[in-house]
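Visitor: I would like a close look at one part of this protein, please. Could you walk me through a single helix and what lies around it?

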Amino acid sequence: MTVTESPSLLFDQTITAASSIAKSGSQSSTTSELNSVRFEADIPVELVNVDDLENIGKDENEVTLEIRQDQTVIARIVFSGSTTNIFPEEDLQDAVSRGREEVISQAISNGDAVELVEECLDMKAHLSISLRNDPSKTGFHYIEQIEYLIEKLSVTGWHKFVSTIFQSAGVLIVSDLGDTVIRLPELEIRGAPDTPGRLRDLTELPVSKDGDVDLPSPSWISPISVQLIDDSTPESVERLVKILTGTSCCLAYAALADRVDSQADGLSITFSGSHIVSIADLVPEAHSNATAEMLLFDWAYSIGDTAKREAIQQAASWTLAEDGSLRGAATPIYRTARSLYDLSQRGAIAEALATRRTARSSAIGIALDSAKLAREIVTKSVERTVIQIGAAVGIVIANAKDLLSNSATAALLFILTLLMFLSWLVSYRLELASASGAIESVSIDLQEYRDSLSEDDIAAIRNMHTLAQAKMRIKSAKRTVAFLSVIFAAAFMLTSFYYATGRVLFVGPPITPPVPASTTKVMPASTNGLPSSSMQAPNRGSSVTGPATIIGRP
């Protein structure tokens, strides 16, 4: 809030001066609206002080002085802002003598209001003073009469009037309220404008339900306290307090309604429960207290629970279904709404417990399935690796037995390497990724239970030991599959490279074919010293150089 002094004091002085001037004449009257007051009176010109009228006509005020001669207007002086304008009338010649006409006409043409007034001191004038209050400068709204305030709060369009007096300023001046001070939580109503006003920050205004008019909260009006000089309360003050209390009741119902419509013919509210109930042309009535309505409002908005307002919609549709009257309806609506809310909370608790059990069971089931899948993937990976190792050993042995050439051996081992890489890709990128994704989906899907589970419940499920163990098993499976795939794929690839380059990994002693064994048979010598028949000279063309030798397989 911002405190300002001089604008409010200046307005008070202007009001006092204008009222004093108007009362000095005859047939004076005062009419006022919110932040606007108009004084009218017939006064002798000799009582007119031009300087005073110029001071009153500053800012947004306007003072009009019509100088008359026997009911005939001869000139009109307008004091507005910092300018003074004089307008002649056409019947000036008929109203005054010729010599005087020239003097008055000269004063009018010169725009000299002082000279004009001095030349017309024996005439009458009609004075009209229009004063306007700017709440953003003075810090208060101004109303001349308390009856005007009561009337504006009791007729169609009251909601726009209430919204206006709660904007810009936190003080409402009611001139004829005297020394009485009526204090509301967010507005002070008093009769003296000579004290500093209180500006209100526009950001403090509530948000409109219908986008047409900003409806203040009922807590801005109720409770109401009255400060009196004596023990007796004026009847007009009592009526004002009661209509303000009724206004807070209407604002409470408007805040609790499902829909609020502001139209030219008034304010209407709608409750949507088991059936639709509409209250057209909602207008405040005099109430002695608003205890029940404020209790209902405070209960509905205490913790911002939408279930409470839904219960109020249902309770209001039942309570208001018969006659649609709001008088006395707050208490039964409150009792019914509380009963409905308590029942809904019991069902909500049971539903929350069932949801918690379902979520935990689902998370545990997914964790166990993922861990089982990880074990199966590791088992399959080991089995595939053993089979591929056996195939590689068979290929190498076949090459050693000269059943496969080196190029064929290298090609088969390279194919085994590709199969090992493909096996790792399927296990790591598809099967294990599926298991890991199932675990991650548990944390993501738990967000869908936020309407039934608290953040602590969701965090507890995410941190369950079963889920942590499943994540560890999946990580272990990933490392195992990667280790087996990398080690044996590298071994197959290296072996294939050696065979492809013509090198032999396994070198042993050379294998030579067996040589047939030779035998020598020596014939015995004859007893008579002569050679035997077998030792006779060979046929012609052959010669014998030594003993005969027979070569053959054993």
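Guide: Happily; here is a tour that starts at one helix and moves outward to its surroundings.

A word on the basis: this is a predicted model, in which local features need pLDDT of at least 70 and side-chain atom pairs count only at pLDDT 80 or more, while totals for chains, interfaces and linings use all residues. Residues are numbered from 1 along each chain as its sequence is written, and side-chain values use heavy atoms, with hydrogens and water left out.

Let us start with helix H8, residues 158-165. Helices (H or I, at least four residues) and strands (E, at least two) are DSSP runs, numbered from the N terminus. Six of the eight residues in H8 are buried, where buried means under 20% relative accessible area, exposed over 50% and partly exposed in between, with a 1.4 Å probe and protein chains only. The buried ones are Trp158, His159, Phe161, Val162, Ser163 and Ile165. They pack against helices H7 (146-152) and H9 (235-256), and against strands E8 (141-143), E11 (187-190), E14 (259-263) and E15 (266-272).

Two of those partners, E14 and E15, belong to an open sheet of three strands in the order E14-E15-E16, with antiparallel pairing. E14 and E16 (276-279) are the edge strands, each with a single partner, so one side of each has no neighbour in the sheet. From one strand to the next, the twist averages 15°; axes here are lines fitted to C-alpha atoms, for helices over the stretch in contact, and angles run from 0 to 180 degrees between N-to-C directions. E15 and E16 pair over four bridges, and two strands count as paired if DSSP finds at least two bridges between them. Isoleucine 269 stands opposite isoleucine 279 in E16.

Isoleucine 269 also leads us to the largest nonpolar core: of its 54 residues, Ile189, Leu240 and Ile269 touch the most other members. H9 gives the most to this core, with nine residues. Such a core is a set of buried Ala, Val, Leu, Ile, Met, Phe, Trp, Tyr and Cys residues joined through side-chain atoms within 4.5 Å. Leaving aside neighbours within four places in sequence, isoleucine 189 is in contact (heavy atoms within 4.5 Å) with Leu172, Val174, Leu177, Thr180, Val181, Ile182, Leu184 and Leu244. A second, separate core of 38 residues includes Ile74, Ile104, Leu116 and Met123.
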